[in-house]
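Reader: Got a minute to go through the inside of this one with me? I'd like to start with empty space, then move on to packing.
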Amino acid sequence: MRSNAIMFYTVVAMILLSCNQPLDQSNSETASIGTEVSAVAEKLDGLDPYWTQGKAEINRYALTQNRYNDLHPGEVVLIFVSEHFHADKQVKSNDGTGRNVTQILKTNMTRRFTTGLYDYHIMTSVFSSENQRRYPHALKVNMSTQDWCGHSFMQINNRKRKYEVQLNSYFESEADKKFSTSVELMEDELFNMIRLNPDKLPTGNLDIFPSTTYLRLMHVPFEAVRATAEKGKYTGREFRGKKLDAYKVKFHGLQRELEIVYERKHPHKIIGWTDTYPSAFDKVPRATIAKLDESILDPYWIRNNLDDKNLRRKLDVKGFDR
C-alpha cells in the first residue's frame with residue numbers, strides 16, 4: 001500500500017511539473033500518464049479489482065420499448081466505470097483527493113428508440129459509493145430525455161439525509177420544480193447494487209422510488225411507492241446463460257413488475273431485464289425488454305479517432321457511421 005502511495009504521488013508530481021507545457025491531447029505519452037495516475041489512485045480505495053483496471057465495462061442491449069400503443073425497437077448502451085467523486089459537491093474529483101472524496105461505481109445508460117417517425121434519446125447516470133456503510137444509497141442520479149416534442153431533465157442529489165430534486169420539463173404540469181423528500185431506495189440504483197454486491201439487495205415489503213425514466217415517460221411525480229421484492233434463481237426462458245439469478249420488484253398500485261437478470265458469479269453482469277406496465281395511452285400492459293448482445297472492457301474515453309470505429313461495429317452500436 002505504501003509503495004502504491006509513493007508511486008501515485010510521484011506520478012502526480014511529474015504531471016504538475018509539466019503543467020506549463022502545451023497540452024496536446026492526442027499525445028499518447030500524455031494519455032498514458034493520465035491513465036497510470038487514474039489506475040494507481042483507484043488502487044488506493046476499496047472497490048473490487050475488476051472495477052479498478054482503468055477500463056469501463058460497455059454493454060449493448062437489443063431493446064423492445066413499451067411506448068404509446070406499441071412495442072418499439074431500439075438499443076441500450078449500459079456503461080459501468082469507477083471514478084473518484086466529491087460527496088459534498090457531488091461532482092467528479094479531478095485528482096482523487098479531499099476529505100469527502102469517495103470512490104464510486106457510475107452507471108451511464110443511454111436508451112434510444114423510435115416511435116414511428118420520430119426518435120427518443122434517454123440518458124441516465126447513477127453514482128454509487130463503494131462505502132455502502134457510510135453512503136447506503138446513491139449519491140446522485142440524473143436523467144435527460146429528448147424527443148421531437150422537446151426536452152426534460154431531472155436530478156436527485158442525496159444530501160443531509162434528504163433527496164434534493166430538480167425537474168425541468170417542456171410540459172406545463174411538470175416544468176421547473178425544486179423540492180426535497182425523504183431518502184428511500186431508488187430503482188435507478190439497483191443495477192449498481194447488483195454489480196457491487198447482489199447479496200445486499202433488499203427483499204420483502206419496501207418503499208421505492210420508480211426509475212426516473214419510468215416517471216418521465218408516464219408523467220408521474222417523484223414519490224416512493226410500496227413494493228414487494230424478491231431474488232433467487234432465474235427460471236424464465238427470455239434470457240440465456242449459465243447460473244443466472246433474478247431480482248424482481250412488484251410495484252403496488254402501478255400494475256408494474258420489473259425483473260433484472262444477472263450472472264450469479266462475480267462480476268454479476270446484467271444479462272437483461274423486463275419491465276411490464278400498462279401504456280399511458282391505451283392502458284394495455286406490455287413488456288419493455290432489454291437483452292444483452294455484446295460486452296467489452298475498454299478505456300472508451302481515449303477511443304476517439306476514426307480508426308476506433310471498429311469497436312462500435314463490434315458492439316453493434318447504431319450511429320452516424322452507417
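Author: Sure, terms first: a cavity is a set of points on a 1 Å grid over the protein atoms alone where a 1.4 Å probe fits but cannot get out, and its lining residues have an atom within 4 Å of a point. This is a predicted model, where local features need pLDDT of at least 70, side-chain atom pairs count only at pLDDT 80 or more, and totals for chains, interfaces and linings use all residues. Residues are numbered from 1 along each chain as its sequence is written, and side-chain values use heavy atoms, leaving out hydrogens and water.
Reader: OK, how many cavities of 30 Å³ or more does the search find?
Author: Two, over the whole structure. The largest holds about 320 Å³ of space, and the second largest about 40 Å³; volume here is the space filled by probe spheres set on the points, with grid points joined across faces, edges and corners.
Reader: Which residues lie nearest the centre of the largest cavity?
Author: M109, R111, E187, D188 and S211, out of 21 lining residues.
Reader: And what lines the second largest cavity?
Author: N66, R67, Y68, L217, M218, Y277, S279, A280 and F281.
Reader: Switching to packing: what is F222 in contact with, leaving aside neighbours within four places in sequence?
Author: With contact meaning heavy atoms within 4.5 Å, F222 touches M154, I156, Y163, V165, F179, T181, M186, F209 and L215.

How values were computed:
1 Å grid on protein atoms, 1.4 Å probe; cavity = no way out; pocket = protein on both sides within 12 Å on 5 of 7 lines; lining within 4 Å.
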